[in-house]
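Trainee: Please take one part of this structure and walk me through it closely. I am new to it.

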Amino acid sequence: MSWELAPVQIVKYPHPTLRHKSKPLRRIDSGLKQMVDEMLDLMYAHKGIGLAANQVDLPYRLIVMNAQSDPKAKQDEHVLINPVVLQQKGGTEEKEEGCLSFPELYAPVRRPVTVVVGAYDLSGLEVNLELSGLHARAVQHECDHLDGVLFIDRLSPANFLKVKRDLEDMELAFSGQQQRGQIPEDRLIAARLSALEVART
Ligand code: ZN
């Protein structure tokens, strides 16, 4: 599918792909490896610590992460295919979170401190990771994306009220871009996702 050859770009709230619940990937090939490379490049270019496939308009269960946001810190670079949070432990904590699909928006989110995640890496090997602190926060945030869940969905009512106006501004900007044809109509976005899903999930 030629759509896969286009370079990936980060989509911003409220792009409908951010609400797409992705299906598991069925195979790993050079096309997927190229998507991963582009996602890593984008994440580092934007100083992000994680990026999910939905955020680059792809309907796959795939995330990239590096809690240091440093391409040289390879020990913290993770490419997780079909990741699943298997276990949560160590209580919860509330910390400020941001998202590359919500530029300049930050808000506190309560999440478990430690999680065990199961996934496949790019060579198709099963991996099990126990992550804590920022690493755990990042992987939970990114796994949420794959289910179409955004960090704004996890805010307390009081914290949600604080960002409501900013979200409305983003919604207005997005519909303006759609009306001007800079972003495709929702039905075209959905048709593209379905075609990409048929190819890989
Ligand atoms: Zn995010």
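Mentor: Start with Val116: its bridge partner in strand 5 is Glu130. This is a predicted model; local features need pLDDT of at least 70, side-chain atom pairs count only at pLDDT 80 or more, and totals for chains, interfaces and linings use all residues. Residues are numbered from 1 along each chain as its sequence is written. Strands (E, at least two residues) and helices (H or I, at least four) are DSSP runs, numbered from the N terminus.

Strand 4 and strand 5 (residues 126-132) run antiparallel, joined by seven bridges. Two strands pair if DSSP finds at least two bridges between them. Five residues lie between the strands of this hairpin, and there Gly124 takes a positive phi near 85°.

Now follow strand 4 (102-120) into the largest nonpolar core, to which it gives two or more residues. That core has 37 residues. Such a core is a set of buried Ala, Val, Leu, Ile, Met, Phe, Trp, Tyr and Cys residues joined through C-beta atoms within 7 Å. Buried means that 20 or more other C-beta atoms lie within 10 Å of a residue's own; exposed means 12 or fewer, partly exposed in between, with C-beta atoms placed from the backbone. Leu51, Ile63, Val64 and Val139 have the most contacts inside the core.

Helix 1 (30-45) also gives two or more residues to the core. Its Leu32, Met35, Met39 and Met43 are buried. On the other side, Ser30, Lys33 and Ala45 are exposed. Strand 1 and strand 2 are among what covers the buried residues of helix 1.

Terms used:
Contact = placed C-beta atoms within 7 Å.
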